[in-house]
Structure formats: C-alpha cells, structure tokens
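User: I have a model open and want to learn how to read its features. Can you take me through them one at a time?

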Amino acid sequence: MEAILGYLNAKDFGACGSAFETIGRVEAGSNRVTVQDVGDFEVGQELQMSGALPRCDSFQIFGPRPKHAHHRRVNGEVEMRGWDGSNGNHVVYFMDVDLACPDRFRWSDDQGRTWHDDVPIDGDWHLLSGGLEVKFDPEYDWAQGWVVTIVMRASLIAEITAIEGNTLVLDKEATRTCEDRILHSDTKALQKAIDTALEQGMNLWIPSGTYKLARTLYINDAVSFTMRGANPETTILDIGVGGIALEDRDGACVVLNKGEEVKLYDLGFRGAVGYDRRDQAGHMLTRGATGVWGFYFMKCNALGIWSTRRVYVENCHARQMSAECFYSSSAHRTPDEEPANYTTSITYMRCSVENCARNAFNNNDMAENTHIIDCRVRDVGGCTWEGASRFVIMRGCYVRNAGAVALGNVRNRSDEFERLGTGQHMVVDNTFESGCPYGLAQISVGAAANQVTIRGNNFVNFNSNAIIISGDTGPHDLPSRNTIVSANCFDMTAEETPSKPRTAINITASDVTVADNQIYATGARDENLTAIRLRDDAQGIIIHDNLLRGCGHSIVTERCVGEVGSVIDDRHFYREQDASWHGNPPTLRRRSHRYRGWRVQWANGERSVMEDFDPETEIFTLEKPRDMKPGEKFTLHPRTKDGKALEERNIHDNLIV
C-alpha cells in the first residue's frame, strides 16, 4: 500500500529508502567522487561519504574531581593538531589526569577499554593516534583532577548535483584524499516531507525501506500529526552510520519538539552501539573527573520528546542504541504554576528495545502519565525504565537481561516534590526473567519516589536482587515512601548461572506494606537467597501473609549505621556520605519525624538522644553535649517510651518453610 487518505508519501519528496552502498574515491579539494557502482544514486539526493572531511566536533574538559558531571569547552588548557582520519570515521579521545599524579596523563581512543599511560604534562607535543598530537599547559592546576575529551569526525554529507558516468559531482568538497564507503542519506528528503505535512495539516506515510539518516529528524510544534511506517520490520530509520551525535537533542532518529499531539506507528529504529558495547557507553572509570559517560560522545537513540503535550507510540522497535532509546525531557508543572508547554501523556504500546547499550525507556523529567504497555525489553545494558516522572504505569511487559526499573531518580530536594510529589508508579502484571545486569535491583524505588504499587509481577529463575525500596539519600535526594508490594511471585531459583547473593525485597525506606507474595527457590535451600531484608530506621512497615520457602534467610533485620562528618560544636554535626551521594542515616523529608527522640548508640558504648534533624541545613542535633570526632561511627534506633522501643512495625502470619 503506497498511499493512505490524509497522508503524504515520503517517496514523493525524494526519500528512497535504499540500503545500497558503494566504494568511492575522492581527492582533497575536489567535489568529484569516482564510484565503483553508481547504483540507484540520483541527482538531488543526499549522500554520506566516510573519511572525506576530517574535523573536530567537540573539545571539552570535565572536572574538577569533587564536582559531578561539570564540563565546558577547552580554553587554552590543551592544544591539538594533526588528526588525519586514518584510524576511523568517528574517534573519541579521552585524556585522564589523576589527582594522585597531576604531572602525567593517560589516554584512550576506544572508549576506555585500553589506556596508554604515563604521558608527561610538560608543554611539549605528544602523538596519540591517527596523527593527532596534543600539548598540555603545565602551568594549569591539573592537581584538581580533570578529563579532556576530543571528538573527531570524518564523514562528508553532501548533495549530488550531477552524475557523469561513474563520477558523482557534489555540492561540497572533500578535505582529505580517501577511498571509502558511500551510502544514501534520506534526512533532507524526510525532513522536507515532515515539514510539508505539518504545514498542510497532513500526516506522513513512509513506505518500506531502510532510510539512512545523517542527522536527526525534527517534528516541530505539531498540532496533530501522525507518522506511520509500512511495518516495523521493513520500514527502518537507521541513524547508525552518519547520524551518531554528541549528547544533545541530536543523535535521535526522531525528535518531537513541543507541539500538542504526535503519534508514531509501525517503525523500526536502528543505531550502531549494541549490548556488547555497554561498557563503552556507560559511566567511565576515569581517575580525573567524575560523571563522564561514554554515550555523551557517540549518542544514538530512537525517539526524543521535548515537552510535546500528548505522544502515542505503537509497534515501534529500537535496536543498537547507545543512549536512552525512548527518551523524554519535559518542562513540568509545580504546585503553584503550569508551563505553557509540557508533556501530559506518553503511551508506548507493543514496542520493544533489544540489543542496546543503555536505557530502554527514560523520562528525565516530571512528564506526566507515561504508560509502558505490553512492551518487550531484552539485552539492555542500562535501565529498563528510568523515571523521574509522575503517574507512570508499566503493565504487561516482558523483561530479560535488562537493567533496573528505576523509580524516582529526581536528585532534587525541592519542597514542590513533597507538596505535589513525584515518582508515582504502578508496576503491575509484568514478567522479569533470569537477572538484572545493571542497577541495584530489577525494581528500584528511590530518590523521591512515592505512592508506588508493585503488584502481580512474576520473577522467573531470578538470580539477582529483585526489589529494593530505598530510603538512602544524599544532599540532592528525598527518601522514597508509601510503597505497596503485593501478590508477586518470586521464583528466585538460580537455574541458568551459579547462585549469587541476592535479596527478593530489601527495605530501607518507611511506610511500606509487603503482603500476599510468594518468595521461593526450588530444589535445595539456597543459602545465598534472602527473602526480605529490613533496616532499623525503616518505620511504618507491615509484612504479612507471605510464603517464604527454600531461602537461606527468610526475614533479616539490619542496623542503621552512621558516621559523623564535620562537627559544628558539641551538639551539632553533619553526617558523612560516600561518593555516590548516599549515606546513613537518611536525609529525611521535611514532613517527617526528623529523628526527634531517636536513640544514638556510639561505637565506644556511650549513648545519646537525638533532639532534631534539620532537613534544610542537614544538621543533626543531640539533646546533650558530647565530644564528637569526624569519622566516629554510631547506630540509630527508634525513640522509646517507658523503656520500650516505639517501633512502627507489624510482621505477622507469614509462612516460613
């Protein structure tokens, strides 16, 4: 079927959907390319030629070390020259300056898989690879810890202005003599088709074909627009060769930018970074700056949503994406105001994400009403879902060998998230099989998530932590709260791989109900398996009518161990926290017990009583003076009355076999 009433046809705008490619040769300074086979190239079409236009797309510095994910353009600290494109069409260089050895750096050109050590910072030029030389300014303060990144590209994107025998004449010149791949680019034609459809109030039909993208397609300010493929197996938007971009809106096959309503049907999306490269796309273990993620420099994803009001995506499938496959970043309403443009509804229906390096579905915002329904996620190196958003339903999905369903992740202690809340989720009627390769647990509730229901899910032969409900916080977090875990069936049998230490339900947050679940391992009792784990500071806990069978430990309780950070005086102190922003005791919400009257047991046997915790300043206050020292350990226990602990816990009628 080549046309639908109310739809424009992408072929009418020059989109060819051809997977044809050939080898061509071009001289530096020339716009004439001699090809082995002209194939189906035509005048007016856009093409991509690898290796013909070496250039620097990004020159950044990350750091200093104590700060997270801070970066800016290089401004004289480092110079570079000479890259010739001989070592690839897209090469990223990382130069890592360790705090412990600030007079030298190490470098990598394969996303951190191998490092070349001990290059001196001496003001001289040093050859790396591909002809690239760099020179570090030895007078700069490298001792703070830094990472310098350089992104080099060599692809030429040009339009064919004439065809003379086996010669393609282009509208741009090459800057490097090379013999390399030439393939189609349908970006210009498809963008024209989208823009025309929007102007005319029409929709867009994309017939079967593999549509190579050199850049992202933008759907801007749509009133009501539908883009439909023939079917997702034969209508492919492929950004994996020319369209891989830097961390920004670019790099997605399609970006929705504002507007009222967009629907996408029956499309396949292809990138270039699969599950086997998840280490190269993930958080890099640099010694200098923190917060350097590999996918920043080779970004490809299926869909980006930027404050479009209503979005519906059905029967669309993503493969080999380096970044969040289906991604939203929207403005959001607060208890006091509502922005002009923000996302109020996203539905993913019968979609799939497989063989991808990072997250499958991701709302990095407070978009509202996201539904992930009857989707399939397998072999994904990041999160299955990462949701800072509000009012989310994940239902009827199948997940195997994919990372956490991460609820919350707001990293913000603003009062608005206590007044209106965020991270409200219902994770119901899903199947999770085998294990979780990324994250603390398959379902992770934390970082401001509240009003969460986890119900009716099956965990099949599960050899990882299944659910964690976290109250652990840093200066940018609120603890999770108000979670219900009910009617789930946890088959925690280590069937496919050797048994690992794991917990089915781990609770360190307050106001949690765990009821009517089955947690078991078949065969011999599994000593590595804990059914339910609790920490002393988690209050408002109800656990009842669960079947716990074959577990090495059925119900385990742990103490809340804290550590003194900086000391203000003999009554006031800050707690210590680790580099991942976590620490105990948790930094509570404003609307909480604030540890008033809680008991403090010091490591040397002394005891104190907590008078207050200030959620704004994060200062702990003791009732009576005490000589405290940074690094001193203590345990925290609920308050008492008449010598009895006033623990808010009700654990009853569980069958432990």
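User: Let me start small. In which strand is leucine 547 found?

Analyst: Keep in mind that this is a predicted model. Leucine 547 belongs to strand 51, which covers residues 547–549.

User: Is leucine 547 buried or exposed?

Analyst: Buried means under 20% relative accessible area. Leucine 547 has 18% relative accessibility, so it counts as buried.

User: How many residues along the chain lie between leucine 547 and isoleucine 372, and what separates their C-alpha atoms in space?

Analyst: The two are 175 residues apart along the chain. Their C-alpha atoms are separated by 30 Å. Hold on to isoleucine 372, which returns in the lining of the largest cavity.

User: Then cavities next. How many of 30 Å³ or more does a search of the whole structure find?

Analyst: The general idea comes first. Rolling a probe the size of a water molecule over the atoms shows where empty space is left. Here the search finds one cavity of 30 Å³ or more. The volume of the largest cavity is about 30 Å³.

User: Which residues line the largest cavity?

Analyst: The lining consists of Phe361, Ile372, Cys375, Val377, Thr384, Trp385, Met394 and Cys397. By class, seven are nonpolar, one is polar and none is charged.

User: That lining includes Cys375 and Cys397. Why is there no bond from the sulfur of cysteine 397 to the closest cysteine sulfur?

Analyst: Check the sulfur distance. A disulfide needs two cysteine sulfur atoms within 2.5 Å. The sulfur of cysteine 397 lies 4.8 Å from that of cysteine 375, its closest cysteine sulfur, so the pair is too far apart for a bond. Cysteine 397 is also buried, with a relative accessible area of 3%.

User: What about cysteine 356: how far is its sulfur from the closest cysteine sulfur?

Analyst: The closest one sits in cysteine 325, at 3.5 Å. That is too far for a bond. Cysteine 356 is buried, at 0% relative accessibility. The structure as a whole holds zero disulfides.

User: Now the sheets. What is the strand order of the open sheet of twelve strands?

Analyst: Read an open sheet from edge to edge. The order here is 19-22-25-28-31-34-37-40-43-46-49-52, and the pairing is parallel. Strand 19 (217–220) and strand 52 (551–558) are the edges; each has a single partner strand, so one side of each lacks a neighbour in the sheet. Neighbouring strands are turned by 10° against each other on average, direction ignored.

User: How many bridges join strand 25 to strand 28?

Analyst: Three bridges join strand 25 (residues 301–306) to strand 28 (residues 326–328), and the two run parallel. Within strand 28, serine 328 stands opposite isoleucine 305.

User: Which strands does strand 38 pair with?

Analyst: Strand 38 (residues 425–428) is joined to strand 35 (residues 390–395) by four bridges, in parallel. There, valine 428 is the bridge partner of arginine 395. Strand 38 also pairs with strand 41 (residues 450–455), again parallel and over four bridges. Threonine 453 of strand 41 stands opposite methionine 426.

User: And the barrel: in what order do its six strands close?

Analyst: For a barrel, follow the order round until it closes. The order is 2-3-15-14-4-16, with antiparallel pairing. From one strand to the next, the twist averages 45°. Six bridges join strand 2 (residues 21–26) to strand 16 (residues 178–185). One contact to look up is threonine 22, whose bridge partner in strand 16 is isoleucine 182.

Methods. Residues are numbered from 1 along each chain as its sequence is written. This is a predicted model: local features need pLDDT of at least 70, side-chain atom pairs count only at pLDDT 80 or more; totals for chains, interfaces and linings use all residues. Side-chain values use heavy atoms; hydrogens and water are left out. Two strands pair if DSSP finds at least two bridges between them. Axes are lines fitted to C-alpha atoms, for helices over the stretch in contact, and angles run from 0 to 180 degrees between N-to-C directions. On a 1 Å grid over the protein atoms alone, a cavity is a set of points where a 1.4 Å probe fits but cannot get out, and a pocket is an open set with protein on both sides within 12 Å along at least five of seven lines; lining residues have an atom within 4 Å of a point. Grid points are joined across faces, edges and corners, and a volume is the space filled by probe spheres set on the points. Ala, Val, Leu, Ile, Met, Phe, Trp, Tyr, Cys and Pro count as nonpolar, Asp, Glu, Lys and Arg as charged, and the others, Gly among them, as polar. Buried means under 20% relative accessible area, exposed over 50%, partly exposed in between (1.4 Å probe, protein chains only).
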